[in-house]
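Hi,

Here is the structure I said I would pass on. Have a look at it first, and then read my notes below.

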Amino acid sequence: MIETPDVLVIGAGPAGLAAAAAARRAGSQVVLLDAATDAGGQYWRHLPAERPAARERILHHGWSRFSELRAQDLLGNAQVWLVERHDDRPPIVHALIGPADGTARRHRVFAPRALVLATGAYDITLPFPGWDLPGVFTAGAAQALAKAERVAVGRRVVVAGAGPFLLPVAASLVRTGTRVLGVLEAGGWPRLARAWTARPAELLGTRRKAGELAGYARDLIRHRIPYRAATGVIAAHGDGRVEAVTVARLDPDWAPVPGTERRIVADAVCVSHGFVPRAELAVAAGCRLTPDGGVHTDADGRTSVPGVFAAGEITGIGGADLALAEGSVAGTVAAGGTPTEAQRRARRAFRNFAGRLEAAHGIRPGWTGWLTDDTLVCRCEDVTAGDLRAAAEATGSRGLRSLKLSTRAGLGACQGRVCGRTVEALLNRHTGGLLDPGRTANRPVAAFVRIGELASHHEENA
């Protein structure tokens, strides 16, 4: 049986929760889906209901807002695996309901009047020699373990990469008893200063961010954690797991400065060089993407596909406040309403803030200077940086699809979620420009589905 809600929202992080709440306020029947068992997404990760924390709110910004948004119906453990495109109406959405590792997931099919995609983003971790050692974590994974399980990833940990996300990660780690040896920001002070001091009047609408920054600064000072700009982890070392890392000064393009390398004894390193929009469902629906891989939307959250809206990190990386603002606007319009001027103003203010994030912390091309030919890039298929270069030189191809088939980069279990952006960046450099960039986000089957589940779905719909 196909269900026909007024509005279907996929993703229950800040953007999805705000969109669902706004659509409900506008009088629409809303179904809110998330692959997790509870709402919150990556931003409001928390202990499960059966193991609540006594003072959960001190670990999260905006906990009161979350508590308010959380008080709405959620269909959890809902894995959307297929979006079926139709030219004359919004896509049909196929989901499996039940624990991902269970064997009795139920099929549910939705044909909504309007679809809001709020699927968030993946961590970007640029590869470096030794990044495949146990003890190297994405910063998002380390924070998830700290927030949702109170698990420390190590005793002596280095946090490195780019962007303000490194600060809450360090704060989460110290609350698990971890000693954070340093927070290393790849961007240099001149670049950071130019981005954050330009057009100061624009920052008035996002001034509460200053309070968050001050809180993180207090954490660093209290725990004596050094913060170093223009610095990065360029290698990890160890026998069977991380035992030390090499850090170096980075020039304005993020290339290591010769002679500045030093080794730090550590048993874990948490790395984040930003995020890439989780756009596979949008690609399957036929939505147009921006050059950075986000979903292109207008000021109301409409995508290029009629009846399909997008909000949050899927449209470009801007943080939880932008996600809330975009979700509120998109949900209102998806339900047939008109956003208030306050909603639009908030969206504009935090969209400008997102532009500053990219200007200050966006990836620079010199990072390839810390790669060696035997540095793994695609960990699923054991494809190295040297393999990618050799394939581009040997074939003379500029087609991403053919180069992926030649090397198998991005064709493993993660389907390019971890390495896709890096594979494209390296091949684009080696070929002089790919003819078909962006294909690593093309995953028609968006999640793991068992053959038996496919067969039963076919029988139910035959």
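**A four-stranded sheet to start with**

Strands β1 and β6 run parallel and are joined by 2 bridges. Before going further, please keep in mind that this is a predicted model. Two residue pairs show how β1 and β6 line up: I2 stands opposite V109 in β6, and E3 has F110 as its bridge partner in β6.

On its other side, β6 pairs with β5. Here the sense is antiparallel, and 5 bridges hold the pairing. If you want a spot to look at, find A95, which stands opposite R108 in β6.

Put together, you get an open sheet of 4 strands in the order β1-β6-β5-β4, with mixed pairing. The edges are β1 (2-3) and β4 (78-84), each of which pairs on one side only.

**An arginine beside that sheet**

Now go to the loop between β5 (92-97) and β6 (106-110), where you will find R105. Is R105 buried or exposed? With a relative accessible area of 10%, R105 is buried, because the cut-off for that is under 20%.

What does the side chain of R105 reach? One answer is the backbone oxygen of F448, at 3.2 Å. The side chain of R105 also makes a polar contact of 2.8 Å with the side chain of E453. Leaving out residues up to four places away in sequence, R105 touches Q79, L96, I97, G98, P99, A100, F448, V449, R450 and E453.

**A second buried arginine**

R443 sits in the loop between α12 and α13 (451-460). Its relative accessible area is 7%, so R443 counts as buried too. The side chain of R443 reaches the backbone oxygen of T440 at 2.9 Å. Again without residues up to four places away in sequence, the residues that R443 touches are Y122, E280, C414, Q415, G416 and R417.

**An enclosed strand and its partners**

Next, take a look at strand β11 (residues 179-185). Why can we call β11 largely enclosed by the rest of the structure? Because 6 of its 7 residues are buried.

β11 runs parallel to strand β10 (residues 156-161), and 6 bridges join the two. To get from β10 to β11, the chain passes through helix α4 (residues 166-174), and this β-α-β crossover is right-handed. For a pair to click on, try G161, which stands opposite E185 in β11.

β11 also pairs with strand β12 (residues 227-228), in the parallel sense and over 2 bridges. In that pairing, V183 stands opposite Y227 in β12.

**Two helices that cross**

The crossover helix α4 has a neighbour worth showing you. The axes of helix α3 (residues 139-149) and α4 come within 9 Å and cross at roughly 35°. The crossing is left-handed. On the α3 side, the contact is made by A139, A142, Q143, A146 and K147, and on the α4 side by P168, V169, S172 and L173. When you look at lists like these, it helps to remember that an α-helix has 3.6 residues a turn, so residues three or four places apart point the same way.

**Helix α10 and what it packs against**

Further along the chain is helix α10 (residues 385-395), whose buried residues are A385, G386, L388, A391 and A392. Which elements do those buried residues pack against? They pack against two strands, β19 (376-378) and β20 (383-384), and two helices, α11 (400-407) and α12 (420-431). After α10 comes G396, with a positive phi near 70°.

**One last residue**

Finally, there is A323 in helix α8 (residues 320-334). A323 counts as buried, because its relative accessibility is 5%. Setting aside neighbours within four places in sequence, A323 is in contact with P14, A15 and G312. And how far apart are A323 and V245? In sequence they are 78 residues apart, and in space they are 35 Å apart, C-alpha to C-alpha.

That is what I have for you. Write back if you would like to go through any of it together.

Cheers

Note on methods:
Residues numbered from 1 in each chain as written. Predicted model: local features only at pLDDT ≥ 70, side-chain atom pairs only at ≥ 80, totals over all residues. Heavy atoms only, no water. Buried < 20%, exposed > 50% of the residue type's maximum accessible area, 1.4 Å probe, protein only. Polar contact = N/O pair within 3.5 Å; in protein donor to acceptor, adjacent residues only side chain to side chain. Contact = heavy atoms within 4.5 Å. Pairing = 2+ DSSP bridges. Right-handed = clockwise from strand over helix to strand, strands pointing away. Axes fitted to C-alpha atoms, helices over the stretch in contact; angles between N-to-C directions. Left-handed = near helix turned anticlockwise from the far one by under 90°.
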